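Student: I would like a close look at a single part of this model, taken slowly and with its surroundings included. Please begin with one residue and work outward from there.

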Amino acid sequence: MSLSNYRKKRNFKETTEPAGKGKTAGSNLIFVVQKHDASHLHYDFRLELAGVLKSWAVPKGPSMNPADKRLAMMVEDHPFDYRDFEGTIPKGNYGAGEVIVWDSGVYLPANGGGDKKENEKLLRKALKKGDLKLVLLGKKLKGEFALVNMKKDDRSWLLIKKQDEYAVEKDILTKNKSVISGKTIEMLRKANGRKKSNTK
Ligand code: MN
C-alpha cells in the first residue's frame, strides 16, 4: 500500500504532520480516531494494515449506538506515524485546522484471534470484499463494529456499532478530550489564537 497520495497532498516544510518514514513495530494492530477541525469538523477513523493506516473520514463521528449508521468516506492511506499526530495544520495547507487523537487502541478482525500476520490476512480479504467486522479495544470505542462499503468501487462506507455489552444510546462524542494530551480542539485553537469556531 502506497503513501504517494498522502505525500502529494502535503508540504512537509510547512505542516508538522509526519512524512511517514516510521515502521510498524508492535505485535498488535492499532486503530486511532482523530478529531479534525478542518473546513468541516470530522473524525478520521484509521486502521493499521500492512504497515500503513487505512483511513476513512467520518463527518458525524463514530457512535456506540447500533441504531446509527455513520457515513465513512475512504481517503488516502496515512503513514503509521500519523497515529499520534496532534496539533495544528497551518492555514493554506491541506486539511488546515486542529487535530486531536480522540481515541486509540488495539483492534482485531471479529473472526480473528491468531497472530498479527494471520489477522492482517483476514483483514485484507475483508477490506477487498468491502465488509470489515472489527473488535475495537479503545478507551472510548469498544466492542464489535462493522465497516461496510455501500457500493463496489465507491469510497462511501458505513461505520456501525454492533449490538453487544458495550452498545449504548448515549452520545460518545460528548467525551471530547484527546486520549494523549487531555486537550480539546477548542483548547488547541485558543492556544493558536484562532477565533473561528466550526466545532459543536
Ligand atoms: Mn481529516
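**Leu123 and its surroundings**

Tutor: At 2% relative accessibility, Leu123 counts as buried, the cut-off for that class being under 20% relative accessible area. The model is a predicted one, and the values that follow are computed from it. Leu123 has its place in helix H2, and that helix is a suitable frame for the rest of the description.

Helix H2 runs over residues 116-129, and its 14 residues reach 20 Å from the first C-alpha to the last, close to the 20 Å expected at 1.5 Å a residue. Leu123 shares its buried state with Lys116, Asn119, Glu120, Ala126 and Leu127 of H2. These buried residues cover an arc of only 125° around the axis, which puts them on the same side of H2. The general background is that an α-helix has 3.6 residues a turn, so residues three or four places apart point the same way. On the other side of H2, the exposed residues are Lys117, Lys121, Lys125, Lys128 and Lys129. Lysine is therefore found on both sides, since Lys116 belongs to the buried set whose narrow arc places it on one side, while the exposed lysines named above lie on the other. Just after the helix, Gly130 takes a positive phi of about 75°.

From the buried side of the helix we can turn to the space beside Leu123. The count of cavities of 30 Å³ or more comes to one, and about 40 Å³ of space lies in the largest cavity. Leu123 is one of the residues that line this cavity, together with Leu47, Leu49, Lys54, Trp56, Tyr107, Leu127 and Leu132. Sorted by class, this lining has seven nonpolar residues, no polar ones and one charged one. H2 supplies at least two residues of the cavity lining, and so do S2 and strand S3, which spans 52-58.

The loop between S2 and S3 holds Ala50, which has a positive phi of about 55° although it is not a glycine. At 27% relative accessibility, Ala50 counts as partly exposed, whereas Leu123 is buried at 2%.

Strand S2, at 41-49, also leads to another part of the model, for S2 and strand S4, at 69-79, each supply at least two residues of the lining of the largest pocket. The largest share of that lining, four residues, comes from S4. The volume of this pocket is about 310 Å³, and of the 19 residues that line it, the closest to its centre are His36, His42, Asp44, Ala57 and Tyr94. Its lining divides into eight nonpolar, six polar and five charged residues, to be set beside the seven nonpolar, no polar and one charged residues of the cavity lining.

Some of these central pocket residues also appear at the metal site, where the manganese ion is coordinated by His36 through ND1, His42 through NE2 and Asp44 through OD, at 2.2 to 2.3 Å. Along the chain, the donors of the ion follow the spacing H-x5-H-x1-D. Both His42 and Asp44 are buried.

As a last reference for where Leu123 stands, its C-alpha atom and that of Tyr43 are separated by 22 Å, the two residues being 80 apart along the chain.

Key: Residues are numbered from 1 along each chain as its sequence is written. This is a predicted model: local features need pLDDT of at least 70, side-chain atom pairs count only at pLDDT 80 or more; totals for chains, interfaces and linings use all residues. Side-chain values use heavy atoms; hydrogens and water are left out. Donors are N, O and S atoms within 2.8 Å of the metal (3.2 Å for Na, K and Ca); water is not among the atoms, so sites may look incomplete. Buried means under 20% relative accessible area, exposed over 50%, partly exposed in between (1.4 Å probe, protein chains only). The expected span of a helix is 1.5 Å times one less than its number of residues. The arc is that of the directions from the helix axis to the C-beta atoms. On a 1 Å grid over the protein atoms alone, a cavity is a set of points where a 1.4 Å probe fits but cannot get out, and a pocket is an open set with protein on both sides within 12 Å along at least five of seven lines; lining residues have an atom within 4 Å of a point. Grid points are joined across faces, edges and corners, and a volume is the space filled by probe spheres set on the points. Ala, Val, Leu, Ile, Met, Phe, Trp, Tyr, Cys and Pro count as nonpolar, Asp, Glu, Lys and Arg as charged, and the others, Gly among them, as polar.
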